[in-house]
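The exercises below are to be worked with the sequence and the model at hand. Each task is followed by a solution in steps.

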Amino acid sequence: IETVTVGDPGNAADTTTDGTTGYGSVPYTYNIGKYEVTAGQYCAFLNAVAATDTYGLYNSGMYYDSHGCKITRSGTSGSYSYSVAGDWANRPANFVSFWDACRLANWLNNGQPIGAQDAFTTEDGAYTLNGYNNDDGRSISRNAEAKWYIPNEDEWYKAAYYKAGGIDTGY
């Protein structure tokens with residue numbers, strides 16, 4: 001997954017026309033994906049960790065919904081395999097929940113291993129999930145040593161709108 005560096009640590013937040021502080025102040029340099037995660041990339045993730053699909057990383061809407069990204073699943077639990085229609089591989093993945101995205105970040109953080117959905121593949125890394133699916137009341141936060149993670153609101157805003165350097169630095 002190609003990333004770009006977002007620098008100028010410690011930049012000021014954007015301000016609204018009424019003078020209130022907005023978003024975008026980030027005190028560190030970080031990387032963010034240059035493009036959205038593609039159906040082909042998500043399909044590779046599924047093939048690496050979802051032969052059983054313990055945490056429901058695949059959503060049938062990916063294929064069957066008219067807005068899906070044309071990833072299909074075949075086989076039975078324990079031997080699922082996934083494929084994406086060739087002309088859809090470079091389109092954005094969709095029908096991916098926040099928790100699926102956390103598990104993808106963990107997988108990337110762990111070096112893209114192959115195996116069951118566990119602490120070495122999807123349940124630990126950028127986030128400590130251990131089966132979390134938003135039904136038990138726990139809150140999830142980014143682990144301090146995370147290399148791949150979902151950008152927070154300030155990180156996303158800065159990457160989207162901030163121009164560093166030169167005489168026209170700002171939003």
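**Exercise 1.** Start from the polar contact of 3.3 Å that joins the side chains of Gln117 and Asp53, and describe the surroundings of Gln117.

*Solution.* A polar contact is a pair of N or O atoms within 3.5 Å; within protein, one must be able to donate a hydrogen and the other to accept it, and residues adjacent in sequence count only if both atoms are side-chain atoms.

Before going on, note that this is a predicted model, in which local features need pLDDT of at least 70 and side-chain atom pairs count only at pLDDT 80 or more, while totals for chains, interfaces and linings use all residues. Residues are numbered from 1 along each chain as its sequence is written, and side-chain values use heavy atoms, with hydrogens and water left out.

Step 1: place the residue. Gln117 sits in the loop between α3 (98–109) and α4 (153–161). Helices (H or I, at least four residues) and strands (E, at least two) are DSSP runs, numbered from the N terminus.

Step 2: list the polar partners. Besides Asp53, the Gln117 side chain reaches the backbone oxygen of Val49 at 3.3 Å.

Step 3: list the contacts (heavy atoms within 4.5 Å). With neighbours within four places in sequence left aside, Gln117 touches Val49, Ala50, Asp53, Thr54, Tyr55, Leu57, Thr122 and Glu123.

Step 4: classify. Buried means under 20% relative accessible area, exposed over 50%, and partly exposed in between (1.4 Å probe, protein chains only). Gln117 has 7% relative accessibility and therefore counts as buried.

**Exercise 2.** Which residues does Asp53 contact, leaving aside its neighbours within four places in sequence? Is Asp53 buried or exposed?

*Solution.* Step 1: Asp53 belongs to the loop between α1 and α2.

Step 2: its side chain reaches the backbone nitrogen of Leu57 at 2.7 Å.

Step 3: beyond four places in sequence, the contacts of Asp53 are Tyr58, Arg73, Tyr80, Tyr82 and Gln117.

Step 4: Asp53 is buried, because its relative accessibility is 9%.

**Exercise 3.** Identify the buried residues of helix α1 and the elements they pack against.

*Solution.* Step 1: helix α1 covers residues 39–49, and its buried residues are Ala39, Tyr42, Cys43, Phe45, Leu46, Ala48 and Val49.

Step 2: these buried residues pack against α2 (61–64), β3 (71–74), β4 (81–84) and α3.

Step 3: for the spacing, recall that an α-helix has 3.6 residues a turn, so residues three or four places apart point the same way.

Step 4: link back to the opening contact. Val49, on the buried list of α1, offers its backbone oxygen to the side chain of Gln117 at 3.3 Å.

**Exercise 4.** How many salt bridges does the structure hold? Work through three pairs, including the accessibility of each partner.

*Solution.* A salt bridge is a side-chain nitrogen of Lys or Arg within 4 Å of a carboxyl oxygen of Asp or Glu. The structure holds four.

Step 1: Arg103 pairs with Glu123, with the closest N and O atoms 2.6 Å apart. This pair links distant parts of the chain, with Arg103 in helix α3 and Glu123 in the loop between α3 and α4, 20 residues apart. Arg103 is buried because its relative accessible area is 2%; Glu123, at 3%, counts as buried.

Step 2: Glu155 pairs with Arg142, with the closest N and O atoms 2.7 Å apart. The two lie 13 residues apart, Glu155 in helix α4 and Arg142 in the loop between α3 and α4. Glu155 counts as buried at 0% relative accessibility, whereas Arg142 is partly exposed at 28%.

Step 3: Glu2 pairs with Lys34, with the closest N and O atoms 3.5 Å apart. Glu2 is in the segment before β1 (3–6) and Lys34 in the loop between β2 (30–33) and α1, 32 residues apart. Glu2 is partly exposed at 45% relative accessibility, and Lys34 is partly exposed at 41%.

**Exercise 5.** Summarise the whole protein: its elements, its burial and its long-range contacts.

*Solution.* Step 1: the protein has four helices and four strands, in the order β-β-α-α-β-β-α-α from the N terminus.

Step 2: of its 171 residues, 31% count as buried.

Step 3: among contacts between residues at least 6 apart in sequence, 56% join residues at least 24 apart.

Step 4: the C-alpha atoms fill a box of roughly 60 × 35 × 30 Å along the principal axes.
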